[in-house]
Amino acid sequence: MAKIKLAKDKIEKLVDICKSFNNEGSELINVLHQAQHNFGYLPAEVQEVVARELNVSVAHVYGVVTFYSFFTMVPMGEFPISVCMGTACYVRGAEKVLEEFKKQLKVPIGETTADGKFSISCLRCVGACGLAPVVTIGERTYGRVAAGDVADILKEYQN
């Protein structure tokens with residue numbers, strides 16, 4: 001993956017995020033959530049700044065980023081779509097829902113549409129098993145989604 005150069009204001013924003021958590025290494029996950037919320041993803045350069053500011057190793061930060069499925073090192077679309085593939089969602093048809101999103105958007109899992117609007121990923125469990133199958137788009141959660149619902153859901157984001 002190509003190395004990016006963070007602009008000075010982006011580095012300052014990261015430093016501010018770390019300060020808001022008192023530069024405590026124990027707040028790494030919270031810092032990473034805020035950083036990803038602000039940047040959209042967590043490239044190596046962001047991880048390096050976080051590691052320096054929290055006084056933890058870059059390897060530790062990378063380990064956390066790669067362990068948790070909600071963190072990404074790849075730029076996401078404006079509307080990141082995540083389909084839960086936990087047991088309850090899977091047995092209730094999540095795979096068909098995922099296939100329909102891929103078909104409608106013409107993009108494979110882990111990639112972003114050419115216009116940068118949507119990206120598709122899978123999650124292990126979102127903790128809303130009673131609403132299975134579950135799809136999240138950004139901060140919004142959709143429950144009891146069927147493949148036939150996908151077109152209408154995507155229409156909500158077409159403006």
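**Entry 1: Gln47**

I began with Gln47, which counts as buried because its relative accessibility is 2%, where buried means under 20%. I note at the outset that the model is predicted. I located Gln47 in helix 3. I then looked for a polar partner and found the backbone oxygen of Leu42 at 2.9 Å from a polar atom of the Gln47 side chain. Setting aside neighbours within four places in sequence, I listed Leu42, Val61, Tyr62, Val65 and Met73 as the contacts of Gln47.

**Entry 2: Helix 3 as a whole**

I next asked how many of the residues of helix 3 are buried. Eight of the eleven are, so helix 3 is largely enclosed by the rest of the structure. I wrote them down as Glu45, Val46, Gln47, Val49, Val50, Ala51, Glu53 and Leu54. Two glutamates, Glu45 and Glu53, are thus on the buried list together with Gln47. I then traced what these residues pack against, and found helix 1 (8–20), helix 2 and helix 4 (58–67).

**Entry 3: Helix 2 against helix 3**

Two packed helices are described by the angle between their axes and the distance between the axes. For helix 2 (residues 28–39) and helix 3 (residues 44–54) I recorded an angle of about 145° and an axis separation of 11 Å. I noted the crossing of helix 2 past helix 3 as right-handed. From helix 2, the residues that take part are Leu28, Val31, Leu32, Ala35 and Phe39, and they meet Val46, Val50 and Leu54 of helix 3. I sorted this contact by class and counted eight nonpolar residues, with no polar and no charged ones. Val46, Val50 and Leu54 also stand on the list of buried residues of helix 3.

**Entry 4: Backbone exceptions**

Most residues other than glycine have a negative phi, and most peptide bonds are trans. I searched for departures from this.

Asn55, just after helix 3, has a positive phi of about 55°. I placed Asn55 in the loop between helix 3 and helix 4. Is Asn55 buried or exposed? I found that Asn55 counts as exposed, because its relative accessibility is 71%.

Asn23 likewise has a positive phi, of about 50°, although it is not a glycine. I placed Asn23 in the loop between helix 1 and helix 2. With a relative accessible area of 26%, Asn23 is partly exposed.

For the peptide bonds, I recorded the one from Ala132 to Pro133 as cis, with omega near -10°. Pro133 belongs to the loop between strand 2 and strand 3.

**Entry 5: The sheet**

I turned last to an open sheet of four strands, whose order is 2-1-3-4 and whose pairing is mixed. I identified strand 2 (118–123) and strand 4 (140–142) as the edge strands, each pairing on one side only. Direction ignored, neighbouring strands of this sheet are turned by 20° against each other on average.

Strands of a sheet pair through backbone hydrogen bonds, either parallel or antiparallel. I found strand 1 (residues 79–84) running parallel to strand 2, with six bridges joining them. Strand 1 pairs with strand 3 (residues 135–137) in the antiparallel sense over three bridges.

Which residue of strand 2 is the bridge partner of Ser82? I found Ser121 there, while in strand 3 the bridge partner of Ser82 is Thr136. I also noted Val83 opposite Cys122 in strand 2.

Definitions and conventions: Residues numbered from 1 in each chain as written. Predicted model: local features only at pLDDT ≥ 70, side-chain atom pairs only at ≥ 80, totals over all residues. Heavy atoms only, no water. Pairing = 2+ DSSP bridges. Axes fitted to C-alpha atoms, helices over the stretch in contact; angles between N-to-C directions. Left-handed = near helix turned anticlockwise from the far one by under 90°. Contact = heavy atoms within 4.5 Å. Nonpolar A, V, L, I, M, F, W, Y, C, P; charged D, E, K, R; others polar. Buried < 20%, exposed > 50% of the residue type's maximum accessible area, 1.4 Å probe, protein only. Polar contact = N/O pair within 3.5 Å; in protein donor to acceptor, adjacent residues only side chain to side chain.
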